[in-house]
Amino acid sequence: MTKNKVFIETYGCQMNLADTEVVLGILQKNGFDSAKNIDDADVILLNTCSIRDNAEQRIYGRLGNLKAKKWEKKNLVIGILGCMAERLRSDLIDEKKLVDLVVGPDEYRRLPEFIDNALGGEKGIGVKLSKTETYDDIIPYREDGLQAWISVMRGCDKFCSFCVVPFTRGRERSRGLDSILNEIKQLSTRGFREVTLLGQNVNSYLDGNNDFADLLSAAAKIDKSLRVRFTTSHPQDLSDKLLETIAANKNICNYIHLPVQSGSNRILELMNRTYSIEHYLNLIEKARKIIPGVSFSTDIISGFPSETFEDHLATLDVMQKVRFDGAYMFKYSPREGTKAFRLNDDVDEETKSKRLQEIISLQQSISNEINQETIGKEEEILVEGFSRKSNDFLAGRTDSNKVVVFPLIDGIEEGDYVNVKITGGTSATLFGEFISLTNKKEKSLTAIAV
Ligand code: SAH
Ligand code: SF4
Ligand code: F3S
């Protein structure tokens, strides 16, 4: 019997990317193949995001497109995974008649059963959230490559007032340390050069007595030429121990994503972020002392309910004080079921957009200045392949997550570490000159076996 082929489209955060690999791992173990091309698929799954309204609108648009495919192929199964599955549940099946299955983030083990039923014409919903599911024993399906995402914890207990994640992902739980370390060992043997440990709030990681700093430190010791990154840290509980662990291990990247959300204490309180701007700024200062050269990125929301012009200025002010290397910037989007949904969404659309635009331009000029300051410096980068614009150039990233483009050099390939001298830059990209090869990527065992 030929195997049914599944195609998954992934939206949203890295957590969803990592989950898609877990889902493919589960499906392959249960006799499904992954389709290389959407037109070959018997089953199309959308792994969805609910974080803002526009994320959901995108999925609705995509479902509209998929209608035509369903007409062409009557038995085609279409399913919704991820955060929208939790938020909308049976509405998706009732309203969007073409959806056959809706399966939330903690029910992926049951997907083979749901898909088999759907192939037999029976629709299904699995949206229970679990207090314990971490998919510890599942080997995620990954193509060979350089960079891998690894979920180390699931869920979130913070309940920031604007955020759907605690509702769509359920309670916080950590994956076992040994299972994470084993996965990293396997990736290192396969020739991977970078792992990013993922959680909505990695600082809460706990397995027995081991906290996140212990996990990071153990991960870094597996392979000194494997870069270890992590995201996301919450400003409330980023510990000194974690900062010291980053400083003590060369291959733990000097880069911290630390969402500030707003520069106004009044707004931070309404957001239930549980820290003040003073605490945030102290933390940045302390981190800069403990980890010389550390860089920061952040998330900012503009136009939260009741945000005044002064609150907005406070956000611009904090951006100037910290000088983030990068930022993800969003307009506030009310999400049903969250605490902030009960507040009046009273900053009008035009003001939200205007403020967002000011935040974006300020960040661009800061990123540009920071990049100009690196001109003349030497940086080690991990080569990731050709630059996006031209095959005459290679591109890679520095430890602090900046993209550097430099002219092609004979014998230098993706996966190599090289030193480059920075010669120029824009707000988004640095340009450099090759200086020396510092670490050649060995051929991976899988590649040798082929
Ligand atoms: N766990 C991470 C963030 C996850 S969501 C953290 O605590 O920082 C990523 C970002 O989306 C958030 O940091 C926030 O800036 C943004 N976001 C979340 N909900 C939002 C909403 N309702 N409207 C606009 N932006 C939102
Ligand atoms: Fe959402 Fe806050 Fe949890 Fe981040 S920490 S996922 S913003 S509730
Ligand atoms: Fe989106 Fe869910 Fe991630 S809402 S941002 S996919 S946790």
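A polar contact is taken here as a pair of N or O atoms within 3.5 Å. In the predicted model, Arg273 meets this criterion with respect to ligand 1, because a polar atom of the Arg273 side chain lies 3.4 Å from an oxygen atom of the ligand. A second side chain, that of Asp299, places a polar atom 2.6 Å from an oxygen atom of ligand 1, whereas Ser333 is involved through its backbone, a polar atom of which is 2.7 Å from a nitrogen atom of ligand 1. Asp299 and Ser333 also belong, together with Gln200, Pro259 and Gln261, to the residues that come nearest among the 15 around ligand 1.

The surroundings of ligand 2 are formed by Cys156, Lys158, Phe159, Cys160, Phe162, Cys163, Val165, Pro166, Gln200, His234 and Arg273. Classified by residue type, this shell comprises seven nonpolar, two polar and two charged residues. Arg273, listed in the shell of ligand 2, is also the residue whose side chain approaches an oxygen atom of ligand 1 at 3.4 Å, and Gln200 likewise appears both around ligand 2 and among the residues that come nearest to ligand 1.

Turning to helix packing, the axes of helix H12 (residues 309-322) and helix H13 (residues 349-373) come within 10 Å and cross at roughly 15°, which means that H12 runs roughly parallel to H13. The crossing of H12 past H13 is right-handed. On the H12 side, the contact involves Phe309, His312, Thr315, Leu316, Met319 and Gln320, which meet Arg355, Glu358, Ile359, Leu362, Gln363 and Ile366 of H13; the residues of this contact divide into six nonpolar, four polar and two charged.

Technical notes: Residues are numbered from 1 along each chain as its sequence is written. Chains are lettered from A and ligands numbered from 1 in the order in which they are written. This is a predicted model: local features need pLDDT of at least 70, side-chain atom pairs count only at pLDDT 80 or more; totals for chains, interfaces and linings use all residues. Side-chain values use heavy atoms; hydrogens and water are left out. A residue is near a molecule or strand if one of its heavy atoms lies within 4 Å of it. Ala, Val, Leu, Ile, Met, Phe, Trp, Tyr, Cys and Pro count as nonpolar, Asp, Glu, Lys and Arg as charged, and the others, Gly among them, as polar. Axes are lines fitted to C-alpha atoms, for helices over the stretch in contact, and angles run from 0 to 180 degrees between N-to-C directions. Helices (H or I, at least four residues) and strands (E, at least two) are DSSP runs, numbered from the N terminus. Angles under 35 degrees count as roughly parallel, over 145 as roughly antiparallel, 65 to 115 as roughly perpendicular and the rest as oblique. A crossing is left-handed if the near helix is turned anticlockwise from the far one by less than a right angle, and right-handed if clockwise. Contact means heavy atoms within 4.5 Å. A polar contact is a pair of N or O atoms within 3.5 Å; within protein, one must be able to donate a hydrogen and the other to accept it, and residues adjacent in sequence count only if both atoms are side-chain atoms.
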